[in-house]
Amino acid sequence: MSTTKPEILAVMPLPPYARAQLDVHYTVHDRIHLSAPAAFAAVAPHIRAIVGSGEAKVPRELMVQMPNLKMVSVIGVGYDGVDTAAANELGIQVTHTPDVLNDDVADLALGLMLCAARKLPQADQYVRQGLWATQGAMPLARKVSGSRVGIVGMGRIGKTIAKRCAAFDMPISYTARSSKADLPFTFYANAKELAANVDFLVVITPGGAATKGLINAEVLAALGKGAGEGYLVNVARGTVIDQPALIDALQKGIIAGAGLDVFDGEPQVPDAFFSMANVTLAPHVGSATNATRKAMADLALLNLANFYAGKPLATPVPECR
Ligand code: 8YV
């Protein structure tokens, strides 16, 4: 029996636990260290699997450079950076890590709602800067419990967010590709109608071409109801929001505020957000707890192990089954 470890390509730096586990079982080549074409060409024929996080970019041009590539294991539920059509054509399987991060992403969505409406980051600053003692009570905030929530994308994480919103006595509406008969929530056919009928709009739909710019100026105007109302929360992908339109809506007070975990072009974040008092910003931390990142890495490793053992993959993406 050969003791040589299979060679895999990491398309981006990986979290420490995932990296350590991968190193036990595989020889991991880092794309970042193979920028010279000759260096990459020397490794490429040996690569049968790629690993990367949810933000990994795996375009057709990269796949075709590895003649023996047969698998892409994404450590993340989102895989909008992977060209799944090309993968299908080239006979490359793609896996991701659904379900294990539902709780964390939903927790963060509620956290951002509370931060945006109850101004928790500002409240913290108010105390630290001694303003409580010198200026008295903070201005009053917006009540969250009982407010209407609209969820854009009613998949696994959307349902987990809804469960938490139900505990806050929030009437729940949603939009998705189709209405789901088994859910006791109000369905709207599109994001604009949904936005017009809610106080909080929470975005948790997959990224990619199909949802690019879905939350545009019109949707934001509908959320604001002509009266500067409505809060936007995004825990999906930055591309789902028309970011310049959001900046405009926040600057002009078209909507009341936003809580954002993801950005178009992250980790670069437009400076315009930094000076806004009506937005709470987070650096894409939806799944970023020790327990969940471990569960995600373990699932990605299981997919890789199954692939090398010739067994069915645990969590293939729907497009590549
Ligand atoms: C992470 C994510 O950012 O799962 C996703 O789609 O966006 C995240 O959980 C990340 O990719 C973890 O590696």
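Okay, ligand first. In this predicted model, 13 residues surround the ligand, and the closest are Gly54, Glu55, Val77, His284 and Ser287. If you sort the shell by residue type, you get four nonpolar, six polar and three charged.

Let's go through the polar contacts. Gly54 has a backbone N or O atom 2.5 Å from an oxygen atom of the ligand. Gly78 also uses its backbone, with an N or O atom lying 2.7 Å from a ligand oxygen. Ser287 comes in with its side chain instead: an N or O atom there is 2.6 Å from an oxygen atom of the ligand. And how much of the ligand does the protein bury? Taken alone, the ligand exposes 330 Å², and 94% of that is buried by the protein.

Okay, zooming out to the whole chain. We have twelve helices and twelve strands. The C-alpha trace spans about 70 × 50 × 30 Å along its principal axes. For the radius of gyration, a compact globule of 321 residues would come out near 20 Å, and this chain has 22 Å, so the two agree. Buried residues make up 47% of the 321. On the outside, the accessible surface is about 15,200 Å², and carbon and sulfur atoms account for 57% of it.

One more number on the fold. Take the contacts between residues at least 6 apart in sequence: 61% of them join residues at least 24 apart.

Now a few individual residues, and I'd like to start with Thr97. You'll find Thr97 in the loop between strand S5, 93-95, and helix H5, 102-118. Buried or exposed? Thr97 has 0% relative accessibility, so it counts as buried. Setting aside its sequence neighbours within four places, Thr97 is in contact with Val74, Ile75, Gly76 and Val77 on one stretch, and with Met296, Leu299 and Ala300. Val77 should ring a bell, since it is among the closest residues to the ligand.

Next, Thr175, in strand S7, residues 172-175. Its relative accessible area is 7%, under the 20% cut-off, so Thr175 is buried. What does the polar part of that side chain sit by? A polar atom of the Thr175 side chain lies 2.8 Å from the backbone oxygen of Tyr188. Tyr188 also turns up in the contact list of Thr175, along with Phe187, Ala189, Asn190, Ala191 and Leu194, and then Ile151, Val152, Gly153 and Met154, again not counting residues up to four places away in sequence.

Over to Leu260, which is in strand S11, residues 257-260. Leu260 is at 2% relative accessibility, so that one is buried as well. Look at Leu260 and Val279: they are 19 residues apart along the chain, with their C-alpha atoms separated by 7.5 Å. Val279 is one of the residues Leu260 touches, and so are Thr280, Leu281 and Ala282. Beyond those, the Leu260 contacts include Leu112, Leu232, Asn234, Leu246 and Phe273.

While we're in this part of the chain, have a look at the peptide bond between Glu266 and Pro267. That bond is cis, with omega at about 5°. Pro267 sits in the loop between S11 and strand S12, 279-281.

Now, some backbone angles to check on your screens. Asp169 has a phi near 55°, a positive value in a residue other than glycine. Asp169 lies in the loop between helix H8, 156-167, and S7, and with a relative accessible area of 60% it is exposed. Lys225 likewise has phi near 55°, positive and not a glycine. Lys225 is in the loop between helix H10, 217-224, and strand S10, 231-234. At 28% relative accessibility, Lys225 counts as partly exposed.

Last stop, towards the end of the chain. Leu313 is in the segment after helix H12, which runs 290-309. Where does Leu313 fall on the accessibility scale? At 13% relative accessibility, Leu313 counts as buried. Compare Leu313 with Asn303: ten residues apart in sequence, and 5.3 Å apart in space, C-alpha to C-alpha. Asn303 is also among the residues Leu313 touches, together with Asn306 and Phe307. The other contacts of Leu313, leaving out residues up to four places away, are Met71, Gln93 and Thr95.

That's my tour; happy to rotate back to any of these.

How values were computed. Residues numbered from 1 in each chain as written. Predicted model: local features only at pLDDT ≥ 70, side-chain atom pairs only at ≥ 80, totals over all residues. Heavy atoms only, no water. Near = heavy atom within 4 Å. Polar contact = N/O pair within 3.5 Å; in protein donor to acceptor, adjacent residues only side chain to side chain. Areas by Shrake-Rupley, 256 points an atom, 1.4 Å probe, with all protein chains shown as cover. Nonpolar A, V, L, I, M, F, W, Y, C, P; charged D, E, K, R; others polar. Helix = DSSP H or I, 4+ residues; strand = E, 2+ residues; numbered from the N terminus. Buried < 20%, exposed > 50% of the residue type's maximum accessible area, 1.4 Å probe, protein only. Contact = heavy atoms within 4.5 Å. Rg over C-alpha atoms; globule rule 2.2 N^0.38 Å.
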